[in-house]
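Subject: Structure handover

Hello,

Please find the structure below. My notes on it come after.

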2 protein chains.
Amino acid sequence: MKNFKLTIRYDGTRYNGWQHQKNTKDTIQGKLETLLMRMTNKTEDEPITVIGAGRTDAGVSAIAMTANVYLDTTFSEQEIKEYMNKYLPDDISIDDVKRVDKRFHSRFNATGKTYRYTLWCGDTKPVFDRKYVYVLEKMPDIESIKAAAEMLIGTNDYKSFCGNKKMKKSTVRTVDSIKIFQKDSYIIMEFHGDGFLQNMIRILVGTLLDVGYGKKKPEEMKNIIDAKDRQEAGPTAPSNGLCLVEVDY
Amino acid sequence: MKNFKLTIRYDGTRYNGWQHQKNTKDTIQGKLETLLMRMTNKTEDEPITVIGAGRTDAGVSAIAMTANVYLDTTFSEQEIKEYMNKYLPDDISIDDVKRVDKRFHSRFNATGKTYRYTLWCGDTKPVFDRKYVYVLEKMPDIESIKAAAEMLIGTNDYKSFCGNKKMKKSTVRTVDSIKIFQKDSYIIMEFHGDGFLQNMIRILVGTLLDVGYGKKKPEEMKNIIDAKDRQEAGPTAPSNGLCLVEVDY
């Protein structure tokens with residue numbers, strides 16, 4: 001068995017997220033696994049597992065998700081890439097296939113991740129990227145969002161920003177940076193950290209928007225973190241504005 | 001009645017083109033007219049006509065189509081824009097509304113148009129703009145395409161490049177420039193001229209691709225023009241790669 005690292009670009013709009021689920025194969029992972037089983041002539045009894053660097057929610061897209069998979073194949077890296085791109089749907093692309101060490105694990109070896117959240121506010125409409133932006137009715141105050149973002153970085157227990165109420169593992173994470181850019185009608189929020197909890201970015205965005213609309217003050221961010229209570233943070237922003245940009249190794 | 005100039009951005013993917021048709025209101029023009037009748041409380045007996053600068057085919061998009069329309073309204077330019085953007089579908093945006101002279105006619109006063117055709121060729125897939133590019137299996141030769149493009153510009157009878165076999169009016173047009181850019185996996189063809197015949201850009205693209213694949217030689221272009229015969233030119237490239245970029249006045 002050879003271990004391959006895949007770099008995957010996908011439009012998550014019509015999928016139930018990355019992760020394989022019991023009731024549906026309509027996940028990115030499901031599409032990849034089904035195809036790789038066909039490629040290597042495996043039956044249902046010999047399932048193939050594509051191990052993703054993370055689990056993107058339903059509707060979230062990725063420019064460069066990474067994954068690894070053990071395959072019993074004589075195909076070269078390029079042949080695997082060509083085969084997969086030929087048979088995968090138009091909204092999933094394999095941008096790179098690389099043979100890696102047997103011990104490489106896409107999730108355990110990942111040292112950092114970059115996510116981008118795209119907001120849009122204007123008196124026209126984002127026609128061509130409408131599926132990948134969260135359209136705001138009113139322009140939030142960017143300076144207070146930037147001030148609040150500064151207070152949200154660091155190594156903290158982000159339990160208040162965790163969408164999984166039953167989370168039993170540690171909710172401590174390190175968020176290195178939250179960059180806020182404004183260009184024309186777009187507001188881009190770019191998050192870098194060692195890893196993120198379920199819905200964490202979307203809750204951070206919802207909280208920052210609360211600040212931008214004056215519902216919360218930047219200096220309240222520390223209290224929200226300290227509360228370790230999901231109720232203290234803002235709402236979960238919609239999934240479609242979110243995109244996994246890069247995974248560091 | 002006041003005359004307003006509209007600048008419209010649309011994703012043409014799911015429409016039967018710009019122009020109002022007997023059997024369907026599923027055209028950009030149809031959507032605009034229906035909405036403007038509602039806005040001005042008009043009945044079916046008092047139809048409103050939105051006059052477009054040109055007629056884009058089914059599936060063709062626009063960054064800045066222009067049109068003019070006579071309206072019996074007290075709404076300001078900004079109010080019309082806001083009303084229209086509120087009620088139009090997500091894939092149509094009114095980017096500008098401007099009150100213009102009563103004599104302004106979006107088609108007759110237009111002095112030039114820019115169209116862009118986007119091609120894509122690579123061993124990955126254009127996931128996020130897949131609906132707006134024509135994906136090629138094999139990379140064509142760009143230098144011969146550029147050479148052929150040079151021979152297609154000028155003031156000529158472009159009958160060989162006209163998709164309307166029953167065209168009775170003049171098929172003489174001036175094509176000022178055809179620019180060919182290559183960036184990563186994209187090949188962009190940008191056409192500027194005083195006006196274009198039905199399907200003309202798509203047939204020009206199909207013909208240039210024939211050159212790129214060695215089926216035709218650049219120096220044959222003059223013969224194709226001289227033939228005034230649709231059969232001599234290349235195939236009609238798919239509509240989805242085409243976008244109206246700008247209308248000059």
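The notes cover the nonpolar cores and then one strand of chain B.

This is a predicted model, in which local features need pLDDT of at least 70 and side-chain atom pairs count only at pLDDT 80 or more, while totals for chains, interfaces and linings use all residues. Residues are numbered from 1 along each chain as its sequence is written, and chains are lettered from A and ligands numbered from 1 in the order in which they are written.

Cores. A nonpolar core is a set of buried Ala, Val, Leu, Ile, Met, Phe, Trp, Tyr and Cys residues joined through C-beta atoms within 7 Å; buried means that 20 or more other C-beta atoms, placed from the backbone, lie within 10 Å of a residue's own. The largest such core has 63 residues, and Ile8(A) and Met200(A) are among those with the most contacts inside it. Helix H4 of chain A (residues 200-212; helices are DSSP runs of H or I, at least four residues, and strands of E, at least two, numbered from the N terminus) gives the most to this core, eight residues. A second, separate core of 61 residues includes Tyr10(B) and Ile178(B).

Strand S5 of chain B (residues 112-120). Seven of its nine residues are buried, so S5(B) is largely enclosed by the rest of the structure. Strands count as paired if DSSP finds at least two bridges between them. S5(B) runs antiparallel to S10(B), residues 242-248, with six bridges, and Gly112(B) has Asp248(B) as its bridge partner there. Eight bridges join S5(B) to antiparallel S9(B), residues 186-193. With S6(B), residues 134-135, the pairing is parallel, over two bridges.

Regards

Notes:
Buried ≥ 20, exposed ≤ 12 C-beta atoms within 10 Å, placed from the backbone.
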